[in-house]
Amino acid sequence: MATVASPHPPGAFEITLENLFSFPQGRRVLTCLQCGTCTATCPYGVGMQYPPRRIIGMLRTGQLEKVLTSDSLLSCVACYACTAKCPRGIELTTVLLPLLKEQMLLSLPEVPSELQRALENMLRYGNPMGESPRKRAAWAKTSSIPIRILPEDPRTTDVLWFVECYTSYHPRGQDTARATAKIFQALGIDFAILGNEEKCAGECVRLSGEPGLHNTLMEYNMQVFRKYKFNSIVTSCPHAYDAFRYSYRTAGFDYELRLATTFLAQHLEALRPMLRGKAGYTVTYHDSCCMGRHNGFYEEPRTLLQAIPGIKLVEMTHNRVNTICCGGGGGGMWLDTYYKAKGYERLSERRVKEAVATGADVLAVACPYEISRFEDAVKVLGYDKRMIVRDITELLVESMEGEI
Amino acid sequence: MSGNIWVVAALCRGRLLDATYEAVALGRELAENLGTKLEVLLLGHELKDVLGTLGIADAVLCVEHAALADPVPEVHAHVVARLAGTRHPQAILVPQTNVTWELGSLVAGELGVPYVNSCTELRMVEQTLEAHTVLYGGKVEAIVRTKHAPSIFGLVSGVRAVEKGYADHAPATERITEVDVQPTSVQLRRYLEPEAGDIDISKEEVLVGVGRGIETRDNLEVSKELADVLGGAICGSRPVIDQGWLPLSRQVGKSGATVKPKLYIAAGISGAPEHVEGMKGSGLIIAINSDPQAPIFQVAHYGIVAKLLDVLPALTEAIRSRSRRGMKQYA
Amino acid sequence: MKIVVLLKMVPDVVEELEIAPDGKSLDTTYLRMILNDSDNHALEEALLLKERHGGKVCLLAPDAPEVDDALFAALAKGADRAVKIAGIDAAEGTRAVVARIVQALSTADLLPADLILTGAQAIDDLDGLVAPLLAQTLRWSHLSVVNQVRFDASTGVTTVTKEFPGGLRAEFEIKLPAVLGIQSAEKPPRYVPVAKVRAAMKSLQIDSTTVPIAAGMPALEIQSMAKPSAAGHAEMLEGLPEAVAGKLCDVLAAHGLL
Ligand SMILES: Cc1cc2nc3c(=O)[nH]c(=O)nc-3n(C[C@H](O)[C@H](O)[C@H](O)COP(=O)(O)OP(=O)(O)OC[C@H]3O[C@@H](n4cnc5c(N)ncnc54)[C@H](O)[C@@H]3O)c2cc1C
Ligand code: SF4
Ligand code: SF4
């Protein structure tokens, strides 16, 4: 296949460390100013033995070996901050770092056990928790809305809803799955899910240095997609969205694609009259790195929130492109103890402190990882009486059902 | 058809392991069931110290020889097989401890008789010995029968309460000193005492897990006492580790250790999925939580809605008054 | 050192196990097989020995669903050769399987070897453990529940550590050749990136050997199988602390925990 010029830099799909400089994005590395903006903006830059700026310096002086045999890059949570801030537009998070991380993982004497477990689970069970693949759609039985499962009822559907792991398995994720189903039904959307045939899209495993595992999951999911007839894919997870939008293109993914949040924002005019319950609380919204910084969806979630009658939306100091990572990306979801042992502050806690400082009652999120991370942080920091964490879909349903 | 029931004692450095008493308790039931005698086979060197607690059996066959001093499986197995060849027991029960692990298979192999692994129950049904065994990590129980005498049965630990097989007197003892000792290519060199570093919680059979409900560091003492009387260790949910009340190596869950102890007591742990991921495979889960809605009650086998500072000390006391002194040391 | 590692696939209990209509076996409709955990540790210990002392690690595994995946992963981790024993039925019984392994060791040219490592136990072992039975048949030295194997190249002495209750360990000197049942390796089994496994699949192959079934090796017959009833919610114990403590003690005693 010819190398595809993607609308957005594709990341490390055709580029390798060897041919790095034969690609424009790769050559751009040579223009680095060594200004250190990347390192300064990196949430774990201080802890890295080789932070982004030094890595580029070492790459240019042929000292890459040292970087590849250190564990520095395990501290990268793929937050896209460095990429967003680099004055030279160097694609660190999308192009350079994944290549290096892959090499690092190959030479790491010991992969942290939490990460290893998640990767092995992903390969074997299609989800990082090691849950039974046969229970992936178990939540659907607890939904008050009938959920059509394609393998059982393969008729053409308008929307194929790619639910993803946390939404399928985590109890709080399942709450958002049920909420999403309610909204879809209220909007009269013809939708269906893949049930137990769905497996993790694999974005996080690629960014944690396991592109081979990502490719295995991609090939699998692409095969499943091809079995069914549908008009578009909507996913609840920004990470799956990201994978489909960029890496899956290399495997021929050309379906119409939307993230649940943006999809609902598109249906706002139909949704608005249904939002009857008045919310008497203040909300602050956390921009997910993957959804915001990498894909530019800053306004859609805010538009949805503001459509809820009586809601007051306040912003955290760091918002939109300046958002602070929750710490769960690029494998960070499975490196909690590793980071703790390094003495890092938990990023979800840093973020929750900022959220609490806004005085908001509700921390609204749109990425399935975040509910689990922020609810934990709120509790551990002792803010459980002051703040709750809700997915946007949950807030919408509350208003639709008027029970606020 | 009425050979005796044998229990092979499990000894570690001259001390009987609890699993021996458990096997004796089960062996006693089986002997009653069959109307036959229960004999404990004690293999070792200078054994008199341990006889005084085996009175639940009808007799002890005390096989003493310098070559039996060390736990070299093939030497012990050969002696058991030879004795069985002349005395014709109907069933040989071998507790599956790390010391006696290889024994059952080796004896069965040498005699060419059936062996049943991981038994939890044994009884006579229609002239046949029926064994219940656990398979697939406890997910399935199977029933097998064997007519062959002797048949060998490996017993999982905890088949019966220790106290049911424990007595404060010795039974009749027969000493056997003429034994056929096989040359061996395995030699015990030394024992290595547990290292000073922290324990590995994934290897503990009993864990008392504490969560934020413990409230203060000082309260940890209460759970430690409970763990002590149960011969186990304490571990925690992440917030407890975060506080620095327990070392990182004691964290259970997604980002910590995955544990599968026989008993997991979750005290003041809500049951967040990240915690449950690390302990759901435990054999018996008991949850103590002041909130009746806590999700931990969905994974626990037994639950108590109460303040843990009320229940834990009471439980420790109750266990203490039931168990015998010093016995749990080698649980 | 020449090391043979015996690997065995067992039912994966992450998937709900179902009993077949005959009431004596597992329903295989959704059954998935996974490498037995302690066999994975045996493999790791073998790879560690190879890294320290050189030599070869050969894998021998009864054929089973998904065994190729496990073998390629092991090759990608650094094993040198993989051989499958074709046509073994899980219901044959451990002794028959051991007899086949013994034959396969020679038909596949795996002997002489210094060590045969395998897991101390598999979760589907019903009628015996492979390591002791194999050692007995081969007349090799043997120990099981081993968690460390050390070889001193200067003296040629092999020491093996076994863990006893209470964290006590016993160190044995053992003459080679030996069969060891590994409980856990010195460090957790390593991760192997999928790309490496894929590369192994492309460039390496798995050999296969066929050996006749050993006659006269009786297996235990399973009368019935059942799943212990799974609780959806805890059974709640109520009463004052002392009363609850008493009830709990009964529960613990019934589970053989006191
Ligand atoms: C990426 C990530 C990884 C994580 N990894 C882990 C992990 O490895 N391990 C882990 O444990 N957690 C982990 N967590 C944290 C997890 O989400 C929960 O926050 C944590 O498990 C909660 O611990 P807890 O149950 O002790 O606290 P809480 O959830 O606060 O529960 C305390 C419980 O104690 C009860 N209680 C209070 N007082 C009493 C009393 N006097 N008597 C009895 N009960 C009382 C309360 O009712 C409550 O149910 C992780 C989170 C994330 C986001
Ligand atoms: S921000 Fe960009 S230009 Fe500046 S050091 Fe980093 S990579 Fe180089
Ligand atoms: S993506 Fe984020 S975490 Fe990774 S190096 Fe860049 S700034 Fe640091």
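This passage walks through the interfaces, sheets, ligand sites and a few local backbone features of a predicted model.

The contacts between chains make a convenient starting point. Where chain C meets chain B, 72 residues of chain C are in contact with 77 residues of chain B. Together the two chains bury about 6600 Å², with 62% of that area on carbon and sulfur atoms. On the chain C side, the residues that lose the most area to chain B are E171(C), L257(C) and L258(C), which together account for 11% of what that side buries. Charged pairs also cross this boundary, with a count of 6 salt bridges between chain C and chain B. R189(B) and E173(C) form a salt bridge in which the closest N and O atoms are 3.3 Å apart.

Chain C also meets chain A, through a contact that takes 20 residues from chain C and 23 residues from chain A. Here the buried area is about 1700 Å², 48% of it on carbon and sulfur atoms. The rule finds 4 salt bridges across this interface. E219(A) and R198(C) are joined by a salt bridge between their side chains, at 2.9 Å from N to O.

Side chains of opposite charge can pair when their charged atoms come close. Over all chains, the search of the whole structure finds 71 salt bridges. The pair R172(A) and E375(A) makes a salt bridge with its closest N and O atoms 2.8 Å apart. Because R172(A) sits in helix α9 (residues 171–186) of chain A and E375(A) in helix α18 (residues 368–380) of chain A, this pair ties together parts that are 203 residues apart in sequence.

The sheets come next, and strands from chains B and C appear together in both of those described here. One is an open sheet of 10 strands with mixed pairing, in the order β12(B)-β9(C)-β8(C)-β7(C)-β10(C)-β6(C)-β1(C)-β4(C)-β5(C)-β11(C). Its edges are formed by β12 (186–192) of chain B and β11 (207–209) of chain C, each of which pairs on one side only. From one strand to the next, the twist averages 35°. Helix α1 (residues 37–53) of chain C packs on this sheet, touching β1 (2–6), β4 (56–62), β6 (115–119), β7 and β10 (178–182) of chain C, and its direction makes about 145° with that of β6(C). Within the sheet, β7 (residues 141–152) and β8 (residues 157–163) of chain C run antiparallel and are joined by 6 bridges. F151(C) stands opposite T158(C) in β8(C).

A second open sheet has 6 strands with parallel pairing, ordered β14(B)-β13(B)-β15(B)-β16(B)-β17(B)-β13(C). Its edge strands are β14 (233–236) of chain B and β13 (235–236) of chain C, each pairing on one side only. Strands β13 (residues 206–210) and β15 (residues 263–267) of chain B run parallel, with 5 bridges between them, and V208(B) stands opposite I265(B) in β15(B). Chain C contributes a helix here too: α6 (residues 241–254) of chain C lies across β15, β16 (284–289) and β17 (302–305) of chain B, running at about 165° to β16(B).

Two ligand sites involve chain A. Ligand 2 is surrounded by 13 residues, the closest being C32(A), C35(A), G36(A), C38(A) and C86(A). Helices α2 (37–41) and α3 (52–60) of chain A are the elements that give two or more residues to this shell. By character, the shell around ligand 2 divides into 9 nonpolar, 3 polar and 1 charged. The surroundings of ligand 3 include C42(A), C76(A), C79(A) and C82(A), along with P43(A), P52(A) and Y80(A). Helices α5 (81–85) and α6 (92–107) of chain A each supply at least two residues of that shell. It divides into 11 nonpolar residues, 1 polar and no charged.

Finally, some backbone details are worth a look in the loops. A cis peptide bond joins A149(B) and P150(B), with omega about -5°; P150(B) is in the loop between β9 (140–146) and β10 (151–155) of chain B. In chain C, the peptide bond from L176(C) to P177(C) is cis, with omega near 0°, and P177(C) is placed in the loop between β9 (169–174) and β10 of chain C. H88(B), a residue other than glycine, has a positive phi near 50°. This histidine, H88(B), lies in the loop between α2 (73–87) and β6 (91–95) of chain B.

Definitions and conventions:
Residues are numbered from 1 along each chain as its sequence is written. Chains are lettered from A and ligands numbered from 1 in the order in which they are written. This is a predicted model: local features need pLDDT of at least 70, side-chain atom pairs count only at pLDDT 80 or more; totals for chains, interfaces and linings use all residues. Side-chain values use heavy atoms; hydrogens and water are left out. A residue is near a molecule or strand if one of its heavy atoms lies within 4 Å of it. Helices (H or I, at least four residues) and strands (E, at least two) are DSSP runs, numbered from the N terminus. Ala, Val, Leu, Ile, Met, Phe, Trp, Tyr, Cys and Pro count as nonpolar, Asp, Glu, Lys and Arg as charged, and the others, Gly among them, as polar. Two strands pair if DSSP finds at least two bridges between them. Axes are lines fitted to C-alpha atoms, for helices over the stretch in contact, and angles run from 0 to 180 degrees between N-to-C directions. Contact means heavy atoms within 4.5 Å. Buried area is the accessible area (1.4 Å probe) that two parts lose on being put together, summed over both.
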